[in-house]
Amino acid sequence: MTPLETVDERLQQAMKLVLLATLPGIFVLLWLYGWGVLINLLLAGSTALAVEAGVLSLRKRPLKPSLSDGSALVSATLLALALPPYCPWWLTLCATACALFFGKHLYGGVGKNPFNPAMLGYALVLVSFPQQMTHWPASHGMDLFGGLQQIFGLTAQPVDAWARATALDSLRINKSLTMDELFASNAAFGHWGGKGVEWVNLAFLAGGAFLLQRRVFSWHAPVGMLASLFIISLLCWNGSGSDSHGSPLFHLLTGASMLGAFFIVTEPVSGAKNPKARLLFGAGVGLLTYLIRTWGGYPDGIAFAVLLMNLSVPALERLFAPQPEPSVP
């Protein structure tokens, strides 16, 4: 067995474990939002494989190693889980194609991307189509037929009939209600965070713990992100006042916090390699996520936080690079 074959097999095994670890979160999302989650996954996965095959053919590269390593399918899966269920079909296709082309193949393919492909695709469609990216369904969404109608534009049903503001959206625009009043009166809030979304985060936490136990990645980046998000939200938390930005528990169990911590910031190519640099990389993502959620123009912010920290990776690596031994005259 050649060293290249060993690397390919290791990558393929790691990608299989990552896909397996997403299953608890996928099942909870299906319970929470219905068929739209599954349709998103199928659309993103098929688009990713088609784009991967098309670009490899144009580059005159063999199809089998890249198509079978699972990296394109993992990027598509993470992107589909981040997109709103029941978003238009063309939005999922556009986001996935951009993720694979601009986030991966533009730089030479697997192992060469400076940015996280899934987050690059997500950020591009968020900036380009902000209205469609804010239509999140109420809990326990449509049946399969209704979901297909909504996604493929076969119904004239108004968005207000099935969409609502998320907990992060509601908190960001809140001016008068206390946190206790928001949790009591707003259907988007659950026990500790977003209604239903808190269970999604716990499911992705379980999947992330599985990946840590299997040593697919080290603890540095996820611990750095979650610790940073916890500390900054604790320092800026002023209880239940109307100007509160949410408790640490609220921020950990709302939005895509656990998906980001265990499935996004751990992406090995665009992240830092040195353990200390990985810790700072995760901490930077957590800090930027809180700043964007609280004072930025977007409710979550993990995608932009990850992309900004991707730019800092060379500096972080230089910061912790071993110093050369002084020469003896």
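Trainee: Where is the place of R215?

Mentor: R215 sits in the loop between α11 (197-213) and α12 (220-235). Keep in mind that this is a predicted model.

Trainee: Is R215 buried or exposed?

Mentor: R215 counts as exposed, at 75% relative accessibility.

Trainee: What about phi of R215?

Mentor: Phi of R215 is near 60°, so to speak a positive value in a residue other than glycine.

Trainee: Why bring that up?

Mentor: Most residues other than glycine have a negative phi. K60 also has a positive phi, about 55°, although it is not a glycine.

Trainee: Where does K60 lie?

Mentor: In the loop between α3 and α4 (63-68). K60 is exposed, with a relative accessible area of 74%.

Trainee: OK, helices now. How do the axes of α2 and α3 cross?

Mentor: Helix α2 covers residues 23-33 and helix α3 covers residues 35-58; their axes come within 6 Å and cross at roughly 130°. That makes α2 oblique to α3.

Trainee: Which residues make the contact?

Mentor: On the α2 side, I26, L29, L30 and Y33; on the α3 side, W35, G36, V37, L38 and L41.

Trainee: And what's the split by class in that contact?

Mentor: The contact of α2 with α3 has eight nonpolar residues, one polar and no charged ones.

Trainee: Switching to charges, then. How many salt bridges does the count come to?

Mentor: Three salt bridges. In one of them, the side chains of E52 and K104 meet, with N to O at 2.8 Å.

Trainee: Where do E52 and K104 lie?

Mentor: E52 is in helix α3, while K104 is in the loop between α6 (89-103) and α7 (117-128). The two are 52 residues apart in sequence, so the pair ties together parts that are that distant along the chain.

Trainee: Does E52 count as buried or exposed?

Mentor: Buried, at 0% relative accessibility. K104 counts as buried too, at 5%.

Trainee: What does R172 form a salt bridge with?

Mentor: With D169, and the closest N and O atoms are 3.3 Å apart. R172 and D169 are three residues apart in helix α9 (residues 167-173), so about one helical turn separates them.

Trainee: How accessible are R172 and D169?

Mentor: R172 is partly exposed, with a relative accessible area of 28%. D169 counts as buried, at 12% relative accessibility.

Trainee: And what is R293 paired with?

Mentor: R293 forms a salt bridge with D300, the closest N and O atoms being 3.1 Å apart. R293 is buried, with a relative accessible area of 4%, and D300 counts as buried at 17%.

Trainee: Last topic: how many disulfides does a search of the whole structure find?

Mentor: Zero disulfides.

Trainee: Why no bond for the sulfur of C94?

Mentor: The closest cysteine sulfur, in C98, is 4.2 Å from the sulfur of C94, and that is too far for a bond. The cut-off for a disulfide is sulfur atoms within 2.5 Å.

Trainee: How far is the sulfur of C87 from the closest cysteine sulfur?

Mentor: It's 11 Å from the one in C94, so that is too far for a bond as well.

Trainee: Are C87 and C94 buried or exposed?

Mentor: C87 counts as buried, at 2% relative accessibility. C94 is partly exposed, with a relative accessible area of 29%.

Notes
Residues numbered from 1 in each chain as written. Predicted model: local features only at pLDDT ≥ 70, side-chain atom pairs only at ≥ 80, totals over all residues. Heavy atoms only, no water. Axes fitted to C-alpha atoms, helices over the stretch in contact; angles between N-to-C directions. Helix = DSSP H or I, 4+ residues; strand = E, 2+ residues; numbered from the N terminus. Parallel < 35°, antiparallel > 145°, perpendicular 65-115°, else oblique. Contact = heavy atoms within 4.5 Å. Nonpolar A, V, L, I, M, F, W, Y, C, P; charged D, E, K, R; others polar. Buried < 20%, exposed > 50% of the residue type's maximum accessible area, 1.4 Å probe, protein only. Salt bridge = Lys/Arg side-chain N within 4 Å of Asp/Glu carboxyl O.
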